[in-house]
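Biologist: Got a minute to walk me through this one? I'd like the quick tour.

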Amino acid sequence: MTIFFHELKRGRISLLIWSLTVAFMLGVCVLIYPEMKSQMGDISAMFADMGSFSDAFGMDKINYGTFIGFFAVECGNVLGLGGALFASILGISALAKEEKDHTAEFLLTHPVSREKVLTQKLLSVFAQIIILNLVSVIVTVLSILAIDESVDAKTMFLLFLGYFLMQIEIASVTFGISSFLRGNGLGVGLGIAILLYFLNIISNLTEEVKFLKYITPFGYTEGADIITNNAIEMKYLAVGMALTVAGIVVAFIKYRKKDIG
(Lines give C-alpha, C1' and ligand atoms only; values in the text may rest on other atoms or scores of the structure.)
Protein backbone atom coordinates (compact mmCIF):
# COMPACT_ATOMS: atom_id res chain seq x y z
CA MET A 1 0.00 0.00 0.00
CA THR A 2 3.02 2.28 -0.48
CA ILE A 3 1.43 4.14 -3.39
CA PHE A 4 -1.84 4.55 -1.49
CA PHE A 5 -0.16 6.28 1.45
CA HIS A 6 2.10 8.26 -0.87
CA GLU A 7 -0.98 9.64 -2.66
CA LEU A 8 -2.60 10.58 0.64
CA LYS A 9 0.56 12.35 1.75
CA ARG A 10 0.87 14.03 -1.63
CA GLY A 11 -2.66 15.42 -1.44
CA ARG A 12 -2.85 16.18 2.27
CA ILE A 13 -2.69 19.97 1.94
CA SER A 14 -5.41 20.06 -0.72
CA LEU A 15 -7.55 17.66 1.32
CA LEU A 16 -7.12 19.77 4.45
CA ILE A 17 -8.07 22.99 2.67
CA TRP A 18 -11.12 21.53 0.91
CA SER A 19 -12.35 19.68 4.01
CA LEU A 20 -12.03 22.70 6.29
CA THR A 21 -13.54 25.05 3.71
CA VAL A 22 -16.59 22.90 2.94
CA ALA A 23 -17.11 22.01 6.61
CA PHE A 24 -16.73 25.65 7.70
CA MET A 25 -19.32 26.80 5.15
CA LEU A 26 -21.71 24.05 6.25
CA GLY A 27 -21.23 25.01 9.90
CA VAL A 28 -21.88 28.70 9.19
CA CYS A 29 -24.91 27.78 7.09
CA VAL A 30 -26.42 25.81 9.99
CA LEU A 31 -25.51 28.39 12.65
CA ILE A 32 -27.23 31.27 10.85
CA TYR A 33 -30.54 29.41 10.67
CA PRO A 34 -31.83 30.61 14.09
CA GLU A 35 -31.26 34.23 13.02
CA MET A 36 -33.32 33.71 9.89
CA LYS A 37 -35.96 31.45 11.40
CA SER A 38 -38.33 34.27 12.38
CA GLN A 39 -38.41 35.52 8.79
CA MET A 40 -38.59 32.12 7.15
CA GLY A 41 -42.37 32.09 6.73
CA ASP A 42 -42.41 35.06 4.38
CA ILE A 43 -39.19 33.98 2.64
CA SER A 44 -40.49 30.47 2.05
CA ALA A 45 -43.71 31.73 0.50
CA MET A 46 -41.79 34.13 -1.70
CA PHE A 47 -39.31 31.49 -2.92
CA ALA A 48 -42.06 28.94 -3.56
CA ASP A 49 -43.81 31.44 -5.85
CA MET A 50 -40.84 32.46 -8.01
CA GLY A 51 -41.72 30.30 -10.98
CA SER A 52 -38.76 28.86 -12.86
CA PHE A 53 -36.31 29.86 -10.14
CA SER A 54 -38.28 27.84 -7.58
CA ASP A 55 -38.48 24.88 -9.96
CA ALA A 56 -34.75 24.97 -10.69
CA PHE A 57 -33.80 24.52 -7.04
CA GLY A 58 -36.79 22.42 -5.95
CA MET A 59 -38.19 25.13 -3.70
CA ASP A 60 -41.69 24.45 -4.97
CA LYS A 61 -41.61 20.98 -3.37
CA ILE A 62 -40.36 21.73 0.14
CA ASN A 63 -40.96 24.16 2.96
CA TYR A 64 -37.91 26.42 2.98
CA GLY A 65 -39.02 27.72 6.36
CA THR A 66 -38.20 24.45 8.13
CA PHE A 67 -34.63 23.56 9.08
CA ILE A 68 -34.49 20.51 6.83
CA GLY A 69 -35.81 22.53 3.88
CA PHE A 70 -33.30 25.30 4.56
CA PHE A 71 -30.49 22.76 4.92
CA ALA A 72 -31.35 20.94 1.70
CA VAL A 73 -31.31 24.13 -0.36
CA GLU A 74 -28.55 26.21 1.22
CA CYS A 75 -26.21 23.69 2.84
CA GLY A 76 -26.94 21.08 0.19
CA ASN A 77 -25.57 23.34 -2.52
CA VAL A 78 -22.40 23.91 -0.47
CA LEU A 79 -21.66 20.21 -0.03
CA GLY A 80 -23.05 19.23 -3.42
CA LEU A 81 -21.08 21.66 -5.56
CA GLY A 82 -18.04 21.84 -3.27
CA GLY A 83 -17.82 18.07 -3.02
CA ALA A 84 -18.30 17.64 -6.76
CA LEU A 85 -15.47 20.07 -7.58
CA PHE A 86 -13.15 18.33 -5.10
CA ALA A 87 -14.01 14.88 -6.45
CA SER A 88 -13.47 15.98 -10.04
CA ILE A 89 -10.04 17.43 -9.18
CA LEU A 90 -9.02 14.19 -7.46
CA GLY A 91 -10.24 11.97 -10.28
CA ILE A 92 -8.91 13.96 -13.22
CA SER A 93 -5.44 14.42 -11.72
CA ALA A 94 -4.99 10.89 -10.36
CA LEU A 95 -3.28 9.48 -13.47
CA ALA A 96 -2.60 12.48 -15.68
CA LYS A 97 -0.35 14.16 -13.09
CA GLU A 98 2.20 11.34 -13.31
CA GLU A 99 3.01 12.17 -16.91
CA LYS A 100 2.68 15.90 -16.33
CA ASP A 101 5.22 15.76 -13.48
CA HIS A 102 7.35 13.14 -15.32
CA THR A 103 7.08 10.67 -12.44
CA ALA A 104 5.27 7.90 -14.35
CA GLU A 105 8.48 6.33 -15.66
CA PHE A 106 9.97 6.20 -12.17
CA LEU A 107 6.76 4.79 -10.68
CA LEU A 108 6.40 2.02 -13.25
CA THR A 109 10.02 0.86 -12.96
CA HIS A 110 9.22 -0.47 -9.49
CA PRO A 111 8.15 -4.12 -9.08
CA VAL A 112 4.42 -3.34 -9.05
CA SER A 113 1.87 -3.96 -11.77
CA ARG A 114 -0.12 -1.21 -13.42
CA GLU A 115 -3.27 -2.76 -11.98
CA LYS A 116 -1.92 -2.32 -8.45
CA VAL A 117 -0.89 1.25 -9.24
CA LEU A 118 -4.41 2.00 -10.48
CA THR A 119 -6.08 0.25 -7.56
CA GLN A 120 -4.08 2.09 -4.91
CA LYS A 121 -4.53 5.44 -6.64
CA LEU A 122 -8.28 4.89 -6.90
CA LEU A 123 -8.49 3.85 -3.26
CA SER A 124 -6.60 7.00 -2.26
CA VAL A 125 -9.15 9.09 -4.19
CA PHE A 126 -12.04 7.36 -2.41
CA ALA A 127 -10.30 7.70 0.97
CA GLN A 128 -9.95 11.46 0.54
CA ILE A 129 -13.62 11.76 -0.41
CA ILE A 130 -14.56 9.77 2.70
CA ILE A 131 -12.46 12.06 4.88
CA LEU A 132 -14.04 15.19 3.38
CA ASN A 133 -17.52 13.82 4.07
CA LEU A 134 -16.69 12.65 7.60
CA VAL A 135 -15.39 16.11 8.51
CA SER A 136 -18.48 17.68 6.94
CA VAL A 137 -20.85 15.37 8.85
CA ILE A 138 -19.08 15.96 12.18
CA VAL A 139 -19.14 19.75 11.80
CA THR A 140 -22.78 19.69 10.67
CA VAL A 141 -23.86 17.53 13.64
CA LEU A 142 -21.98 19.73 16.11
CA SER A 143 -23.52 22.85 14.56
CA ILE A 144 -27.03 21.38 14.79
CA LEU A 145 -26.43 20.51 18.44
CA ALA A 146 -25.17 24.04 19.04
CA ILE A 147 -28.42 25.61 17.81
CA ASP A 148 -30.48 22.91 19.55
CA GLU A 149 -32.47 22.08 16.43
CA SER A 150 -34.26 18.74 16.03
CA VAL A 151 -33.86 16.95 12.70
CA ASP A 152 -34.97 13.71 11.13
CA ALA A 153 -31.88 11.48 11.27
CA LYS A 154 -32.92 9.31 8.32
CA THR A 155 -33.47 12.27 6.02
CA MET A 156 -30.11 13.81 6.98
CA PHE A 157 -28.42 10.44 6.42
CA LEU A 158 -29.97 10.12 2.96
CA LEU A 159 -28.92 13.65 2.03
CA PHE A 160 -25.30 13.03 3.00
CA LEU A 161 -25.34 9.57 1.42
CA GLY A 162 -26.57 11.02 -1.87
CA TYR A 163 -23.80 13.65 -1.90
CA PHE A 164 -21.19 11.01 -1.06
CA LEU A 165 -22.29 8.67 -3.86
CA MET A 166 -22.39 11.61 -6.26
CA GLN A 167 -18.79 12.46 -5.42
CA ILE A 168 -17.74 8.83 -5.89
CA GLU A 169 -19.40 8.80 -9.32
CA ILE A 170 -17.77 12.04 -10.48
CA ALA A 171 -14.38 10.91 -9.18
CA SER A 172 -14.72 7.56 -10.99
CA VAL A 173 -15.79 9.10 -14.30
CA THR A 174 -13.00 11.68 -14.22
CA PHE A 175 -10.58 8.93 -13.15
CA GLY A 176 -11.46 7.11 -16.35
CA ILE A 177 -10.97 10.28 -18.39
CA SER A 178 -7.64 10.87 -16.63
CA SER A 179 -6.25 7.67 -18.13
CA PHE A 180 -6.49 9.28 -21.60
CA LEU A 181 -4.78 12.53 -20.65
CA ARG A 182 -1.09 13.34 -20.83
CA GLY A 183 -1.14 16.78 -19.27
CA ASN A 184 -3.00 18.92 -16.78
CA GLY A 185 -6.68 18.01 -16.93
CA LEU A 186 -7.80 20.33 -14.14
CA GLY A 187 -9.91 22.47 -16.45
CA VAL A 188 -11.58 19.38 -17.88
CA GLY A 189 -12.42 18.04 -14.42
CA LEU A 190 -13.84 21.30 -13.13
CA GLY A 191 -15.76 21.81 -16.36
CA ILE A 192 -17.39 18.39 -16.04
CA ALA A 193 -18.48 19.02 -12.43
CA ILE A 194 -19.96 22.44 -13.24
CA LEU A 195 -21.67 21.11 -16.39
CA LEU A 196 -23.31 18.28 -14.43
CA TYR A 197 -24.52 20.77 -11.81
CA PHE A 198 -26.20 22.99 -14.39
CA LEU A 199 -27.66 20.01 -16.27
CA ASN A 200 -29.65 19.18 -13.14
CA ILE A 201 -30.90 22.77 -12.85
CA ILE A 202 -31.97 22.69 -16.50
CA SER A 203 -33.72 19.34 -16.02
CA ASN A 204 -35.85 20.89 -13.25
CA LEU A 205 -37.17 23.63 -15.51
CA THR A 206 -39.25 21.53 -17.92
CA GLU A 207 -40.44 17.95 -18.34
CA GLU A 208 -39.06 17.90 -21.89
CA VAL A 209 -35.47 17.67 -20.61
CA LYS A 210 -36.19 15.59 -17.51
CA PHE A 211 -34.08 12.81 -19.07
CA LEU A 212 -30.98 14.85 -18.17
CA LYS A 213 -31.38 13.60 -14.60
CA TYR A 214 -30.20 10.21 -15.83
CA ILE A 215 -26.96 11.84 -16.99
CA THR A 216 -26.11 14.02 -14.00
CA PRO A 217 -25.44 12.61 -10.51
CA PHE A 218 -27.04 15.74 -9.09
CA GLY A 219 -30.31 14.15 -10.22
CA TYR A 220 -30.33 11.73 -7.28
CA THR A 221 -28.97 14.25 -4.76
CA GLU A 222 -31.93 16.60 -5.25
CA GLY A 223 -32.72 17.59 -1.67
CA ALA A 224 -36.36 18.38 -2.39
CA ASP A 225 -36.98 14.91 -3.84
CA ILE A 226 -35.15 13.14 -0.99
CA ILE A 227 -37.15 15.05 1.63
CA THR A 228 -40.46 14.54 -0.17
CA ASN A 229 -39.96 10.82 -0.83
CA ASN A 230 -37.74 10.12 2.19
CA ALA A 231 -35.61 8.10 -0.20
CA ILE A 232 -33.00 8.49 -2.94
CA GLU A 233 -34.44 8.15 -6.46
CA MET A 234 -33.21 4.66 -7.37
CA LYS A 235 -33.68 4.93 -11.13
CA TYR A 236 -31.22 7.81 -11.28
CA LEU A 237 -28.89 6.24 -8.73
CA ALA A 238 -28.73 2.96 -10.69
CA VAL A 239 -27.54 4.79 -13.81
CA GLY A 240 -25.06 6.74 -11.71
CA MET A 241 -23.55 3.59 -10.20
CA ALA A 242 -23.32 2.03 -13.67
CA LEU A 243 -21.36 5.09 -14.84
CA THR A 244 -19.16 4.77 -11.75
CA VAL A 245 -18.24 1.20 -12.66
CA ALA A 246 -17.80 2.16 -16.32
CA GLY A 247 -15.35 4.94 -15.43
CA ILE A 248 -13.24 2.57 -13.34
CA VAL A 249 -13.27 -0.19 -15.97
CA VAL A 250 -12.28 2.24 -18.73
CA ALA A 251 -9.38 3.49 -16.60
CA PHE A 252 -8.05 -0.04 -16.09
CA ILE A 253 -8.41 -1.02 -19.75
CA LYS A 254 -6.82 2.17 -21.08
CA TYR A 255 -3.99 2.47 -18.56
CA ARG A 256 -2.89 -1.14 -19.01
CA LYS A 257 -2.24 -0.47 -22.71
CA LYS A 258 -1.12 3.15 -22.45
CA ASP A 259 2.30 4.08 -23.72
CA ILE A 260 3.80 5.99 -20.81
CA GLY A 261 6.27 8.55 -22.00
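Modeller: Sure. One term before we start: a residue is buried when its relative accessible area is under 20%. By that cut-off C75 is buried, because its relative accessibility is 1%. Keep in mind that this is a predicted model.

Biologist: Noted. How many helices and strands are in the chain?

Modeller: There are 12 helices and zero strands. Read from the N terminus, the elements run α-α-α-α-α-α-α-α-α-α-α-α.

Biologist: And what share of the residues counts as buried?

Modeller: The chain has 261 residues, and 50% of them count as buried. The accessible surface is about 12,300 Å². Carbon and sulfur atoms make up 68% of that surface.

Biologist: What about contacts with a separation of 6 or more, how much comes from residues 24 or more positions apart?

Modeller: That share is 78%.

Biologist: Back to C75. Which residue does the disulfide join to C75?

Modeller: C29. The S to S distance is 2.5 Å. The link is left-handed, with -105° about the S-S bond. C29 sits in helix α2 (residues 12-31) and C75 in helix α6 (residues 67-100), so the bond ties together parts 46 residues apart in sequence.

Biologist: How many disulfides does the structure hold?

Modeller: One.

Biologist: Is C29 buried or exposed?

Modeller: Buried, because its relative accessible area is 8%.

Biologist: Staying with α6, what does L90 contact, leaving aside its neighbours within four places in sequence?

Modeller: V125, Q128 and I129. L90 is in helix α6. L90 is buried, with a relative accessible area of 10%. Its C-alpha is 8.8 Å from that of I129, and the two are 39 residues apart along the chain.

Biologist: Let's switch to helix packing. How do α8 and α12 cross?

Modeller: Helix α8 covers residues 114-147 and helix α12 covers residues 234-257. Their axes come within 10 Å and cross at roughly 145°. The crossing is right-handed.

Biologist: Which residues in α8 and α12 meet there?

Modeller: From α8, you have R114, E115, L118, T119, L122 and F126. Facing them from α12 are I248, A251, F252, Y255, R256 and K257. By class, the contact has seven nonpolar, one polar and four charged residues.

Biologist: Pick one of those. Is A251 buried or exposed?

Modeller: A251 is buried, because its relative accessibility is 0% and the cut-off is under 20%. A251 lies in helix α12.

Biologist: And what is A251 in contact with, outside its neighbours within four places in sequence?

Modeller: L118, F175, G176 and S179. There is also a C-alpha pair to look at: A251 and I177 are 7.2 Å apart, with their positions 74 residues apart along the chain.

Biologist: A238 is in α12 too. Is A238 buried or partly exposed?

Modeller: Partly exposed, with a relative accessible area of 47%. C-alpha to C-alpha, A238 is 9.5 Å from Y220, and the two are 18 residues apart in sequence.

Biologist: Now the loops. Where is R182?

Modeller: R182 is in the loop between α9 (153-178) and α10 (186-203). R182 is partly exposed, at 46% relative accessible area. Its C-alpha is 5.4 Å from that of A96, although the two are 86 residues apart along the chain.

Biologist: Any backbone oddities? What is the phi of D148?

Modeller: D148 has a positive phi of about 55°, and D148 is not a glycine. You'll find D148 in the loop between α8 and α9. D148 is exposed, because its relative accessible area is 69% and the cut-off is over 50%.

Biologist: And N230, what is its phi?

Modeller: Near 50°, again positive in a residue other than glycine. N230 is in the loop between α11 (223-229) and α12. N230 counts as partly exposed, at 28% relative accessibility.

Biologist: Great, that covers my list. Thanks.

How values were computed: Residues numbered from 1 in each chain as written. Predicted model: local features only at pLDDT ≥ 70, side-chain atom pairs only at ≥ 80, totals over all residues. Heavy atoms only, no water. Axes fitted to C-alpha atoms, helices over the stretch in contact; angles between N-to-C directions. Helix = DSSP H or I, 4+ residues; strand = E, 2+ residues; numbered from the N terminus. Left-handed = near helix turned anticlockwise from the far one by under 90°. Contact = heavy atoms within 4.5 Å. Nonpolar A, V, L, I, M, F, W, Y, C, P; charged D, E, K, R; others polar. Buried < 20%, exposed > 50% of the residue type's maximum accessible area, 1.4 Å probe, protein only. Areas by Shrake-Rupley, 256 points an atom, 1.4 Å probe, with all protein chains shown as cover. Disulfide = S-S within 2.5 Å.
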